[in-house]
Amino acid sequence: MKIEAHKSLQKYNTFGIDVKAKHFVSVKSIAELKNVISLKKYPNHFILGGGSNILFTKDIDALVIHLNLKGISIEKETEDHLYIKAMAGENWHEFVLYCIKNNYGGIENLSLIPGNLGTTPIQNIGAYGVELKDVFYECEAFDLKTKTQKCFSKTDCEFGYRNSIFKNSAKDKYIITSVTLKLTKKNHRLNYSYGAITDQLKKENTDLNIKAISKAVINIRQSKIPNPKEIGNSGSFFKNPIINSRAFSQFQKQYPQAPFYKLSEEHYKVPAGWLIEQTGFKGKRFGDAGVHKNQALVLVNYGSATGLEILNLAKNIQEQVSKKFNITLEPEVNIL
Ligand code: EPU
């Protein structure tokens, strides 16, 4: 275990923002994690996973602990299901591919989401009709107060749309060290209700199975969302706003062509990407900060944008959307 000083975090966040950590260490086991947390010399910690849902706007004046815990194991099996545990530092998409190769179903719709296993429950990752909570069984986390491991069941996690207990009452109190999912071994419940998947599957004209769905999702994502290895980004920068039925009926009267999802009699979700596109930001570039040309919900770093430049662009977008539609956009990405 090597503690480094003034380490650039550019490689450790998918936006590719070049900020520095006062100190940095990569831990490979829970024992190392415990050890490093108790070092008196470094009382302030910052836990870093895959860095895929974070916008750094300043240097981190703490010991940045990079969670590099690896390992995948099958905990339990029944006739139809298996309980598969992955350590926090495993890359999510590689894990999805591993499951597909072994014919474990349930997460194929979540292909190509950047980041590591450990952060997936925090924001309850979701895409194309599936959310992590649909397959989540439990996760283990290190309790920073008691310095012991604690298990969180699905109910304990209080999952919601891009939300969980780890963004609320449990925030900054735990470090998720592993996640266990309940996947299917056969009779997979394929979810291809999302329009774009059906279209893509028709185009490919293949058998319907988890592999075909994963491939379709990968193709759709690649056509819309830039690869962070090529253009820095953090996926959707904002959440899709949820508005009440009164506000929605006014909105719909004015913009009858706007896409929407009805959540209940009372609540409607409006795609933030559409709202942003209507304000003219799609494809615009301001220095090295920009709005992606194929998906207005994705803010990008073309090379050397600073976190503050991206943040200013985000604020500008929020202002214009609020002015035009009277709808508030809330960031999905954690801003630091
Ligand atoms: N739209 C536009 N212009 C745009 C982008 C979108 O008009 O520039 C419209 C589309 O035409 C469509 C609607 O908005 O009618 C929804 O677009 P899309 O299917 O691309 O999905 P999204 O609502 O923009 C959400 C998630 C994504 C996830 C996709 C697919 C959020 C904040 N984002 O995006 O998640 O991949 O659905 O399920 O919920 C992420 O969280 O990082 C992420 C990429």
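**View 1. Polar contacts between the ligand and Tyr194, Tyr128 and Gln295.** In this predicted model, a side-chain N or O atom of tyrosine 194 sits 2.3 Å from an oxygen atom of the ligand. Tyrosine 128 takes part through its backbone instead, with a polar atom 2.6 Å from a ligand oxygen. Glutamine 295 brings in its side chain, where a polar atom is 3.0 Å from an oxygen atom of the ligand. Taken on its own, the ligand has 820 Å² of accessible area, and the protein covers 82% of that.

**View 2. The shell of residues around the ligand.** Zoom out a little and you will find 25 residues surrounding the ligand, with Tyr128, Tyr161, Tyr194, Glu277 and Ala296 the closest. By character, the shell divides into twelve nonpolar, seven charged and six polar residues. Four elements give two or more residues each: β8 (126-127), α4 (210-224), β13 (232-236) and α6 (272-278). Which element supplies the largest share of the shell? That is α6, with three residues. Seen by domain, at least three shell residues come from domain 2 (72-184), and at least three from domain 3 (232-335).

**View 3. A salt bridge between Glu77 and Lys185.** Here the side chains of glutamate 77 and lysine 185 meet, N to O, at 2.8 Å. The pair links distant parts of the chain, as the two residues are 108 residues apart. Glutamate 77 belongs to strand β6 (residues 72-77), while lysine 185 lies in the loop between β12 (174-184) and α3 (195-204). Is lysine 185 buried or partly exposed? Its relative accessibility is 26%, so lysine 185 counts as partly exposed.

**View 4. A salt bridge between Lys133 and Asp134.** The closest N and O atoms of lysine 133 and aspartate 134 are 3.4 Å apart in this salt bridge. Lysine 133 has a relative accessible area of 29% and is therefore partly exposed. Aspartate 134 is partly exposed too, with a value of 42%.

**View 5. Glu277 and its salt bridge with Lys282.** Glutamate 277, one of the closest residues to the ligand, also pairs with lysine 282: their side chains form a salt bridge at 3.1 Å, N to O. Both partners are partly exposed, glutamate 277 at 38% relative accessibility and lysine 282 with a relative accessible area of 29%. Elsewhere, Glu79, Asp80 and Lys186 are joined into one network by salt bridges that share partners. If you would like to tour the rest, the count of salt bridges comes to 13.

Definitions and conventions
Residues are numbered from 1 along each chain as its sequence is written. This is a predicted model: local features need pLDDT of at least 70, side-chain atom pairs count only at pLDDT 80 or more; totals for chains, interfaces and linings use all residues. Side-chain values use heavy atoms; hydrogens and water are left out. A residue is near a molecule or strand if one of its heavy atoms lies within 4 Å of it. A polar contact is a pair of N or O atoms within 3.5 Å; within protein, one must be able to donate a hydrogen and the other to accept it, and residues adjacent in sequence count only if both atoms are side-chain atoms. Accessible areas come from the Shrake-Rupley method with a 1.4 Å probe; for residues, only the protein chains shown count as cover. Ala, Val, Leu, Ile, Met, Phe, Trp, Tyr, Cys and Pro count as nonpolar, Asp, Glu, Lys and Arg as charged, and the others, Gly among them, as polar. Domain bounds come from an automatic or database domain assignment. A salt bridge is a side-chain nitrogen of Lys or Arg within 4 Å of a carboxyl oxygen of Asp or Glu. Buried means under 20% relative accessible area, exposed over 50%, partly exposed in between (1.4 Å probe, protein chains only).
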